[in-house]
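Hello,

As promised, I am handing over the structure we talked about. Please have a look at it first, and then read on for what turned up.

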Amino acid sequence: MKPEELLRFLQLAERLKSVPRHCYTAEGERESVAAHAWRVALLALLLEKEQPDIDMRRVIELALVHDLGEAVTGDIPSFLKTERDESVESDALSQIVSLLPAPEGERLRSLFQEWEAGSTREARFCRALDKLEAVISHNESDIATWLPLEYTLNQTYGEREAEEFDCLKALRTTLRADTRRKIADAEQGGAPATPPEPGKPVAKA
């Protein structure tokens, strides 16, 4: 690969450092897509010995590629994403990998297709990590940044995907307990158990 080709691709991928996700960090900053993808990959690395039947090198590759299309489309929260949005993101990925020479571009395209289809245990493991990392991020963020639906969603998100893998089932159970503790702490501090819908008063106990 020529240095110019590599740099052209990296300059487009660099946008992910600034593309915001719905979630906030523990410090109150909007999380970036790049930060999310990095921690999904880090999770895979740390769980390698916990799930020895999984090729974690492959999972890390999938993690680094799975949100590349959002350098063009931006991020759309999962609870708002439609099939059309997924199609647009897939087209954007094709646009991005076309910046690379054929062997490298096709490798990234193949990884993204594997991710989308969930056709391997590695892809399904990565898809589960993707969701669980989002739950971790929400548990770390100020609960005031949560949407009403997330009080329930954060207790169940990724549960079905984690069920296939013993180490992720255990992690999901721990995260649910963390979420419930966070909600209980907020309630004890005077916040409602779930925030009111816009324009509606807080119900009195």
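How many helices and strands does the protein chain have? There are 10 helices and two strands. In sequence order the pattern runs α-β-β-α-α-α-α-α-α-α-α-α, with the two strands following the opening helix. Please keep in mind that this is a predicted model.

On overall form, the radius of gyration is 18 Å, close to the 17 Å that the globule rule gives for 205 residues, so the chain is as compact as a globular protein of that length. Along the principal axes, the C-alpha atoms occupy a box of roughly 65 × 40 × 30 Å.

Inside the fold, 41% of the 205 residues count as buried. Among contacts with a separation of 6 or more, 65% join residues that are 24 or more positions apart.

Turning to the surface, the accessible area is about 11500 Å², and carbon and sulfur atoms supply 53% of that. As for charge, the protein chain carries 27 positive and 38 negative side chains, yet the centres of these two sets are 1 Å apart.

You may also wonder about the cysteines. How many disulfides does the structure hold? The count is zero. For C126, the closest cysteine sulfur is in C167, and at 13 Å that is too far for a bond. C167 is likewise in no disulfide. C126 counts as buried because its relative accessibility is 0%, and C167, at 13%, counts as buried too.

Happy to talk it over whenever suits you.

Best wishes

Key
Residues numbered from 1 in each chain as written. Predicted model: local features only at pLDDT ≥ 70, side-chain atom pairs only at ≥ 80, totals over all residues. Heavy atoms only, no water. Helix = DSSP H or I, 4+ residues; strand = E, 2+ residues; numbered from the N terminus. Rg over C-alpha atoms; globule rule 2.2 N^0.38 Å. Buried < 20%, exposed > 50% of the residue type's maximum accessible area, 1.4 Å probe, protein only. Contact = heavy atoms within 4.5 Å. Areas by Shrake-Rupley, 256 points an atom, 1.4 Å probe, with all protein chains shown as cover. Lys, Arg positive; Asp, Glu negative; His and termini not counted. Charge placed at Lys NZ, Arg CZ, Asp CG, Glu CD. Disulfide = S-S within 2.5 Å.
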